[in-house]
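Student: I should like a close look at a single part of this structure, with its surroundings described in a connected way. Please begin from one strand and work outwards.

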Amino acid sequence: MDFAGALSPDNLRFILEGFYVTLKVAFISIVLSFVLGCLVGTIRYAKIPILAPVLGVIVEILRNLPLLLIIFFTRFALPDIGIKLDVVTSAIVALTLFEGAIISEIVRSGLNSVNKGQIEASRSSGLGYTQTLWHIVMPQGLRRMVPPLVSQFIALLKDTSLAVVISLPELMNHSKIVIAQSYDFVIPVLMVVALLYFSVNYALSLIARRLEAKFV
Amino acid sequence: MRKKWMSVSFMLFVISALVLAACGGGSGNGNGNGNSAAGGESEAGASLLDEIKSRDKLVVGVKFDTKLFGLKDPASGEVEGFDIDIAKALAKSILGDENKIELKEVTSKTRIPMLNNNEIDMIIATMTITEERREQVDFSEVYFEAGQSLLVKKGSPIQSVEDVTSGTKVLAVKGATSVDNIKEIAPDATVLEFENYQDAFSALKAGQGDVLTTDNSILYGMMAQDANYEVVGEPFTDEPYGIAMKKGETALVEAVNEGLAALKSSGEYNTIYEKWIGEAPSE
């Protein structure tokens, strides 16, 4: 073990550069997969003809494949059908599709959890279907979704590490390079990496707890 | 009821427009650093070698995390190693300038798909020439004679694989073919297996064994880290490294082989070899 050597300013800066890519990819994927998940979840909740069942099949496929496979697919199979993506974009696309599928199920179950009586009351008060969805179902459903959504976002942030297989220059990739400098660097570097992942995810958990206390 | 889903559809349409706008922004960013890829569609009939020359840049897939061969330096951000110097020398022989080169990170899993997607022109990444791989890619001549070898403390009586006899404690890494190889060649020796190279090397330093065996490319890396240890004897397995190129690019393979031959005859190959491996290549 060589803490001083492993955590030299240059190595730390390099590790943090990787962490920045992790956070960037995670943030973009969280935003995109949340929007995608809300969209798909709502479509399936509202049972829109044709669209809902088709999306249902796609969600099942994505949800039941390993993320690693989807990452490889977006990186190396899409070019075969003419879609060329660079490493960062293919990681974001893969994460968005996979996590979006899971989030859509969270959204759907959140919306479903709203009591049918509420909807009937709203409709008989003269609100249209969309108004009911927007003003009655969504506000209540979304609050209940907060805890599972945040844990999914935490999962997503950790899942970015799988993109190490396509050499995305994120935290795991950069720590792997630092570790390769010397056999004595393994433990110090992995401890720093664990600390970085933990602190940002724990912060997310704390935020979720506060939101939960406020909403639920 | 029809009104119900028409109005929902409208709402969703608005949301999806927003999503598309967001996506557009995202992939725009991505493409910026993506299109520096080797590719471009290769024109029909034009060979990859012509494309490299007209592009005036050689795109090489190398390792970023392999000591001595291709290792990124966190301080400078530069990738350095034996493979890198060979790549630069080839850029010089093909394009006349060793700086007309772009290095992309590959791993054992991604290198062949990236080659086939035209993202890289060639792989110089500690890649062993095997019959299986020959079906997927074309190889240059051997540029590094890799093979399983032995690492001992300096002054050890063990100087080659013949000295590994009963009573010799051999350290090896679990799950690797190197365990089977040493058991076959030296059936009387005691083999102690470890989870990873680090543990095996620590065990050798702690005197738990007499000799550590695995690929010489890894052993040279250990030797570079601790000068009290040395690689002894010739490799006793034959796992030569070659430069891989897309199948059918005969002109490029020839250019690479010419470049390698010139490197060897000018002595530059030996200079690069000694710089990284720490000793002269064996004849």
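Tutor: The account below starts from strand β13 of chain B and then moves outwards to the rest of the model.

The model is predicted, and it scores ipTM 0.83 and pTM 0.82. Chain B averages a pLDDT of 85, and 84% of the residues score at least 70. Residues 22–44 of chain B are an exception to be kept in mind, with a pLDDT below 50; beyond near neighbours in sequence, this stretch has 28 contacts in the model. Where pLDDT is low, the predicted coordinates should not be read in detail.

Strand β13 of chain B spans residues 241–246, and 6 of the 6 are buried, so the strand is largely enclosed by the rest of the structure. A residue counts as buried here if 20 or more other C-beta atoms lie within 10 Å of its own. Two of the partners of β13(B) can be named. Strand β6 of chain B, residues 122–123, pairs with β13(B) in the antiparallel sense over 2 bridges, and in this pairing B:Met122 stands opposite B:Met245. Strand β7 of chain B, residues 137–144, also runs antiparallel to β13(B) and is joined to it by 5 bridges; here B:Phe139 stands opposite B:Ala244.

The setting of this strand is a chain of 10 helices and 13 strands. Buried residues make up 41% of the 283 residues in chain B. Of the contacts in chain B with a separation of 6 or more, 67% are between residues 24 or more positions apart. An unreviewed UniProt entry annotates residues 57–280 of chain B as "domain: Solute-binding protein family 3/N-terminal". Over that span the chain is 35% helix and 26% strand, and the end C-alpha atoms are 31 Å apart.

Next comes the nonpolar interior. The largest nonpolar core has 88 residues, of which B:Val60, B:Ala87, B:Ile123 and B:Leu151 touch the most other members. Helix α3 of chain B, residues 82–95, supplies the largest share of this core, 8 residues. Domain 1 (48–145 + 241–277) and domain 2 (148–232) of chain B both give residues to the core, so it lies between them. The surroundings of B:Leu151 can be followed residue by residue: leaving aside residues up to four places away in sequence, B:Leu151 touches B:Leu204, B:Val211, B:Leu212, B:Leu219, B:Met222, B:Met223, B:Tyr229 and B:Val231. A second, separate core of 48 residues includes A:Ile71, A:Phe98, A:Leu157 and A:Leu162.

That second core leads to chain A. The buried residues of helix α4 of chain A, residues 67–77, are A:Ile70, A:Ile71, A:Thr74, A:Arg75 and A:Phe76. What covers them includes α5 (87–112) of chain A together with α4 (111–116) of chain B. In an unreviewed UniProt entry, residues 19–208 of chain A carry the annotation "domain: ABC transmembrane type-1". This span is 79% helix and 0% strand, and its end C-alpha atoms lie 22 Å apart.

Some exposed loop positions complete the picture. B:Thr165 is placed in the loop between β8 (148–153) and β9 (169–173) of chain B. It counts as exposed because 11 other C-beta atoms lie within 10 Å, and the limit for that class is 12 or fewer. Apart from residues up to four places away in sequence, B:Thr165 touches B:Ala186, B:Asp188 and B:Ala189. The C-alpha atoms of B:Thr165 and B:Thr190, 25 residues apart along the chain, are separated by 8.7 Å.

Two further loop residues have a positive phi although neither is a glycine: A:Ile50, at about 65 degrees, and B:Asp56, at about 60 degrees. A:Ile50 is found in the loop between α2 (9–45) and α3 (51–63) of chain A, and it is exposed, with 7 other C-beta atoms within 10 Å. B:Asp56 is found in the loop between α2 (48–55) and β1 (58–62) of chain B; with 10 C-beta neighbours inside 10 Å, B:Asp56 counts as exposed.

Technical notes:
Residues are numbered from 1 along each chain as its sequence is written. Chains are lettered from A and ligands numbered from 1 in the order in which they are written. This is a predicted model: local features need pLDDT of at least 70, side-chain atom pairs count only at pLDDT 80 or more; totals for chains, interfaces and linings use all residues. UniProt positions are given in the numbering used here, feature names are shortened, and annotations may be inferred rather than shown by experiment. Helices (H or I, at least four residues) and strands (E, at least two) are DSSP runs, numbered from the N terminus. pLDDT is the predictor's confidence in each residue, from 0 to 100. Two residues are in contact if their C-beta atoms, placed from the backbone, lie within 7 Å. Two strands pair if DSSP finds at least two bridges between them. A nonpolar core is a set of buried Ala, Val, Leu, Ile, Met, Phe, Trp, Tyr and Cys residues joined through C-beta atoms within 7 Å. Domain bounds come from an automatic or database domain assignment.
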